[in-house]
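Good morning, colleagues. Please take a moment with the sequence and the model on the screen before I take you through them.

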Amino acid sequence: MAAAATAAEDVPATQREEPVRDDAAVETAEEAKEPAEADITELCRDMFSKMATYLTGELTATSEDYKLLENMNKLTSLKYLEMKDIAINISRNLKDLNQKYAGLQPYLDQINVIEEQVAALEQAAYKLDAYSKKLEAKYKKLEKR
């Protein structure tokens, strides 16, 4: 390095100027060849180990979240299948009830007709009762004379 500095002094200033380099971006061969200190190497290994543990934890958590979603989707699917079966059974039972109701409709109509006839008969019985009371009153009145 001393020889290079002496040689640089012998060269005129205009020839000595080298293009300006950004020292932060360019490493010299000496810097790259220097062995890393033992504690820096150990710290790097420790950092990479901890980063691997962290990333493994993150990926495991994400994987568990997806497993949970998958289980929830399966349970929801089963619940919807059960609800579908229940709805089909309800529909089938409703059709059966409608058919039975249709079969009973003539009898229900007859019951309504009988109910109307009973109501008319009841009114006739009240009228007959009132008429018989009037007749009884007239009979008693005639009997007293």
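I begin with one pair of residues. Lys74 and Glu70 are four residues apart in helix α4, so about one helical turn separates them. Their side chains meet in a salt bridge, with an N to O distance of 3.5 Å. Lys74 is partly exposed, because its relative accessible area is 48%, and Glu70 also counts as partly exposed, because its relative accessibility is 42%. In general terms, side chains of opposite charge can pair when their charged atoms come close.

I should say at once that this is a predicted model. Let me therefore set out the overall architecture and the confidence before returning to the side chains.

The protein chain has four helices and zero strands. Read from the N terminus, its elements run α-α-α-α. Helix α4 covers residues 38-144, whereas helix α1 covers residues 2-10.

How many of the 145 residues are buried? Buried residues make up 0% of the chain. The protein chain exposes about 14200 Å², and carbon and sulfur atoms supply 60% of that area.

On confidence, the protein chain averages a pLDDT of 84, and 75% of the residues score at least 70. Where is confidence lowest, and where is it highest? The lowest mean belongs to helix α1, at 46, and the highest to α4, at 95. Over residues 1-9 the pLDDT is below 50, and this stretch has two contacts in the model beyond near neighbours in sequence. For residues 11-16 the pLDDT likewise stays under 50. That second stretch has three contacts in the model beyond four places in sequence. Where pLDDT is low, the predicted coordinates should not be read in detail.

I return now to the charged pairs. The count comes to six salt bridges, and I shall describe two besides the opening example.

One of them joins the side chains of Asp46 and Lys50, at 3.3 Å from N to O. Both residues lie in helix α4, four residues apart, which is about one turn of the helix. Buried or exposed: how does Lys50 stand? Lys50 is exposed, because its relative accessible area is 54% and the cut-off for that class is over 50%. Its partner Asp46 has a relative accessible area of 32%, and is therefore partly exposed.

Another salt bridge is formed by the side chains of Lys133 and Asp129, with an N to O distance of 3.6 Å. These two residues are also in helix α4, again four residues apart and about one turn of the helix from each other. Asp129 counts as partly exposed, because its relative accessibility is 37%.

Finally, I turn to the nonpolar surface. Which residues make the nonpolar patch? Tyr101, Leu104, Tyr107, Leu108 and Ile111 form a nonpolar surface patch of about 520 Å². Leu108, one member of this group, is placed in helix α4. Leu108 counts as partly exposed, because its relative accessibility is 33%.

To close, I would ask you to keep two points together. Helix α4 has the highest mean confidence, at 95, and the three salt bridges I described, at Asp46 and Lys50, at Lys74 and Glu70, and at Lys133 and Asp129, lie in that helix. Thank you for your attention.

Note on methods
Residues are numbered from 1 along each chain as its sequence is written. This is a predicted model: local features need pLDDT of at least 70, side-chain atom pairs count only at pLDDT 80 or more; totals for chains, interfaces and linings use all residues. Side-chain values use heavy atoms; hydrogens and water are left out. Patches are made of residues with over 30% relative accessible area and no salt bridge: like charges are joined within 9 Å, nonpolar side chains (Val, Leu, Ile, Met, Phe, Trp, Tyr) within 5 Å. Accessible areas come from the Shrake-Rupley method with a 1.4 Å probe; for residues, only the protein chains shown count as cover. A salt bridge is a side-chain nitrogen of Lys or Arg within 4 Å of a carboxyl oxygen of Asp or Glu. Buried means under 20% relative accessible area, exposed over 50%, partly exposed in between (1.4 Å probe, protein chains only). pLDDT is the predictor's confidence in each residue, from 0 to 100. Contact means heavy atoms within 4.5 Å.
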